[in-house]
Amino acid sequence: MKRIIISILITSGLLTQLMGQNEAHDIVKGPVLCQGNYQTEQQAIEQLARMAAKYGNLKEWNARAARVRKQILIGSGLHPLPKRTPLNAVVHNKRTYEGYSVEAAAFEARPGFFVYGNLYRPTEAKGPHPAILCPHGHARGPEGGRYRSDQQYRCATLARMGAVVFSYDMVGFGDSLNLGWDHNHPQALTLQTWGSIRAVDFVQALEDVDDDQIGITGCSGGGTQTFLLTALDDRIRVSAPVVMVSAHFFGGCDCESGMPIHKTEELETNNAEIAALTAPRPQLLVSVGGDWTKNTPLVEYPYIRNVYNLSGKKSLVENAHFPNQQHGYQFMKRQAMYPFMVKHLKLNKKGVYDPATEVYDESKTVLETPEQMRVFNEARPLPEQALKPGSKVLF
């Protein structure tokens, strides 16, 4: 791996620069927030080279991976992990469509703090089924988040192929927004990461879910949640972060980089290396030419693939790159994700995939309104123990 990285550096003219640098890169006073475009693309390549020099075999990588995981947990306020309190899950208001159903669903990640979402289930297959978590991106507004059509299309289509899919809100989006929560909550990163961990608990508690076959896919901010959760929770068996894995961009929102998970006095990392913590589990990186993932085929993907190669599992990581596409989880990117989930979660594409056109048919999806998708309303009031919007959630 080190030879490959060094050859990249020689080609790019960076090796001479690195040879003259001292260890100042690792010397910082206290934890550092690495937000947005924290470093240049060139600095990202240099950082990957420094990180690659820290390990040369699987044992050394596993030791580093453990350190990175611990730093993420400490930085996000989740070390040690909080007590798993009762979920008190609510699942109701079932709507049945062609090949799938949708229900309103919520659970308490912490006492009084609810995670809201929708549960998509197959109607034409017997369980137990694989489960797929679908966190959403930062599309704001009353019809943003999990209400967006691209989110509904992917959830319904995955359900039609035999997956139980849980689509859930970030803090201050969807039902959370409707109930008065602000996405700028100071604990947003903590709450969302813990909410994703508890989402695994939630789907595993469902009688029709195969506990050993759980995947996750999300775009943008949901892509950050995808690789963070997969890095921290080995119950996730298949991961597909979309348009988010970048070595120079650390996430533009406090819910992604507003806490010191990337750099301390002891260790530096970036989102490419965090995504590498998925190894050796199957992972699909979806990238585009129109955002910060433009370098993925030549920078982030080779670094991550080399980590997989340490355990002889290089074939389990893939990159679907769309050089002429922009940020988002549009049709073409969903079409890249579907076969990956079919392959690794053993979904049934019959009746959904058309071999003649090589397209996964999404036309059976019924797009619902936010009012249809909400968990609590006048007919089903919010539980009395629910925290008021903006409440501090103690961890």
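These questions and answers cover the nonpolar cores and aromatic pairs of a predicted model.

Local features need pLDDT of at least 70 and side-chain atom pairs pLDDT 80 or more, while totals for chains, interfaces and linings use all residues. Residues are numbered from 1 along each chain as its sequence is written, and side-chain values use heavy atoms, without hydrogens and water.

Reader: Which helix gives the largest share of the largest nonpolar core?
Author: A nonpolar core is a set of buried Ala, Val, Leu, Ile, Met, Phe, Trp, Tyr and Cys residues joined through side-chain atoms within 4.5 Å, where buried means under 20% relative accessible area (1.4 Å probe, protein chains only). The largest has 63 residues, of which Leu133, Phe166, Phe202 and Ile304 touch the most other members. Helices are DSSP runs of H or I, at least four residues, and strands runs of E, at least two, numbered from the N terminus. Seven core residues, the largest share, come from helix 7 (residues 188-204).

Reader: How do the planes of Phe107 and Phe166 lie: stacked, edge-to-face or tilted?
Author: Rings of Phe, Tyr and Trp (its six-membered ring) pair if their centres lie within 6.5 Å; planes under 30 degrees apart are stacked, over 60 edge-to-face, the rest tilted. Phe107 and Phe166 are both buried. With 6.0 Å centre to centre and 45° between the planes, the pair is tilted.

Reader: Why does the pair of Phe107 and Phe166 tie together parts that are apart in sequence?
Author: Phe107 lies in strand 2 (residues 100-110). Phe166 belongs to strand 5 (residues 164-168), so the parts tied together are apart in sequence by 59 residues.

Reader: Which residues form one aromatic cluster with Phe107 and Phe166?
Author: The structure holds 15 aromatic pairs. The cluster joins Phe107 and Phe166 with Tyr168 and Phe202.

Conventions:
Buried means under 20% relative accessible area, exposed over 50%, partly exposed in between (1.4 Å probe, protein chains only).
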